[in-house]
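This report introduces a structure to a reader who has not met it before. The sequence and the coordinates are displayed below.

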Amino acid sequence: MSGASPVLAIEGLSVRFGGHLAVSEVSLQVHDGRISGLIGPNGAGKTTTFNAICGVTQPTSGRVLLEGRDISRLPTHQRARRGIGRTFQRLEVFSSLSVADNVRVGLEIRRSWSRRRPPAPQFLVGPEAIEVDPDTEVDLIVGRLGLAEVVDVPVGALPTGSARKVELGRALAARPRVLLLDEPASGLDDRETEDFGHLLGELAAAGLGVLLVEHDVALVMRVCAELSVLNFGQVIAAGTPSEVQSNRAVLDAYLGGRSESATTAAESAGVALGPGDPGVGS
Ligand SMILES: Nc1ncnc2c1ncn2[C@@H]1O[C@H](COP(=O)(O)OP(=O)(O)OP(=O)(O)O)[C@@H](O)[C@H]1O
Ligand SMILES: [Mg+2]
C-alpha cells in the first residue's frame, strides 16, 4: 500500500440495525488513481458500508474522512458536493429521460453547487487543463462511455449494460473525488464486463479513486489494486488480490463457500472447489 494520503478513509465504522450489527469496526482506504475492491458474501454489509460513507445510513460509531476532513456529520448532499459519487446496486436512472439528459442531471446538480468552472477532468480531455461548456461536457461523457449512438434514446429502452454506464455517466458528471460503485457489472454479459473493466482502469489511470463492490470476482481480481473482504460485517482480510485470493479465512467464508454467490464467484475467479471442500489453496 502506498504511503500517500488516501482520498477516502473510513475508520472503525459500525452500523447497527436494531439488534443486528450489520457493519462492525470496518476501516479501509481509497487512494487517487487506484481501484479498491470491497467484496464478501450476500448480506456481508457492503451496501450498508456505502450508505454509511454517503450519509444515507447513520453509523453507530466510526468516522468517514474525505481528503483528510471528517465528513461524518455532514448530510448526504453535502458529502456529494464535497466529492463522494456513487452508483447503486439497484440501478437508479431516470428511465423516461434520454441518455444525454440523465448525464445532464448530474452536471446540473454540480452547477447548482458552484458556478465555478474548473478544468474538465483528465479522463475527458487528457492532461491539459481546459474548460468545457456544459453541452460539450455531456457529449464528452456520453462519448467516453461509448453511448454516442444512443444519446437521444430514453434509458428505459436500453439494455442493462448501457443503463449502468448511463448511471456511471451521471455520477461522473458531478465530478466526484472518489467514486463508489455498487455491483456495476451485475446484469452485464462477459463482453460488456470486460469493456467495463477497461473503462474503470482508464478512470483510475486518469487519477480517480474508486471503491468497487462487485460479486464478479474475476473482474475484481483484474482491476483492483487492493481488496478488503467483509464477512458478517467485519473485515476478515485485506491486501492485494493475490494475497486475498489465497487467504484461508476468505476461501472458507467466500471464495470456497457453498453459497450460490460464493460458488459463482469462485468459478469466475478460476478457483476450483472440491466436492464438499470448504476451500482450496492457501
Ligand atoms: N435498512 C435495513 N434495516 C435492517 N437491516 C438491514 C437494512 N439494510 C441492510 N440490512 C441488513 O444488514 C446486513 C447487510 O446488508 P447489506 O445490504 O449491506 O449487504 P451486502 O453485503 O450489500 O449484500 P449483497 O451482496 O446481497 O448486496 C444484512 O443482514 C441485511 O439484511
Ligand atoms: Mg449490497
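The sections that follow describe two sheets and the surroundings of a ligand.

## Nature of the model

The structure discussed here is a predicted model.

## The sheet of six strands

Six strands form an open sheet with mixed pairing, in the order β6-β7-β8-β3-β9-β10. At its edges stand β6 (84-86) and β10 (234-239), each of which pairs on one side only. From one strand to the next, the twist averages 20 degrees.

Within this order, β7 (residues 178-182) and β8 (residues 209-213) pair in the parallel sense, with five bridges between them. Aspartate 182 has its bridge partner in β8, namely valine 213.

Strand β9 (residues 226-231), by contrast, runs antiparallel to β10, and five bridges join these two strands. One of the partnerships involves asparagine 231, whose bridge partner in β10 is glutamine 234. The hairpin of β9 and β10 has two residues between the strands, and in this hairpin phenylalanine 232 takes a positive phi near 50 degrees.

## The sheet of four strands

A further open sheet has four strands in the order β2-β1-β4-β5, and its pairing is antiparallel. Because β2 and β5 (69-70) stand at the edges with a single partner strand each, one side of each is left without a neighbour in the sheet.

Strand β4 (residues 61-66) and β5 run antiparallel and are joined by two bridges. Leucine 66 has arginine 69, in β5, as its bridge partner.

## The surroundings of ligand 1

The shell around ligand 1 consists of Phe17, His20, Ala22, Gly40, Asn42, Gly43, Ala44, Gly45, Lys46, Thr47, Thr48 and Gln89. Two elements, β2 (20-30) and α1 (46-54), give two or more residues to this shell. The element that gives the most is α1, with three residues. Strand β2 thus appears in two parts of this report: it contributes to the shell around ligand 1, and it is an edge strand of the sheet of four strands.

What is the make-up of the shell around ligand 1 in nonpolar, polar and charged residues? Its residues divide into eight polar, three nonpolar and one charged.

Terms used
Residues are numbered from 1 along each chain as its sequence is written. Chains are lettered from A and ligands numbered from 1 in the order in which they are written. This is a predicted model: local features need pLDDT of at least 70, side-chain atom pairs count only at pLDDT 80 or more; totals for chains, interfaces and linings use all residues. A residue is near a molecule or strand if its C-beta atom, placed from the backbone, lies within 6 Å of it. Ala, Val, Leu, Ile, Met, Phe, Trp, Tyr, Cys and Pro count as nonpolar, Asp, Glu, Lys and Arg as charged, and the others, Gly among them, as polar. Two strands pair if DSSP finds at least two bridges between them. Axes are lines fitted to C-alpha atoms, for helices over the stretch in contact, and angles run from 0 to 180 degrees between N-to-C directions.
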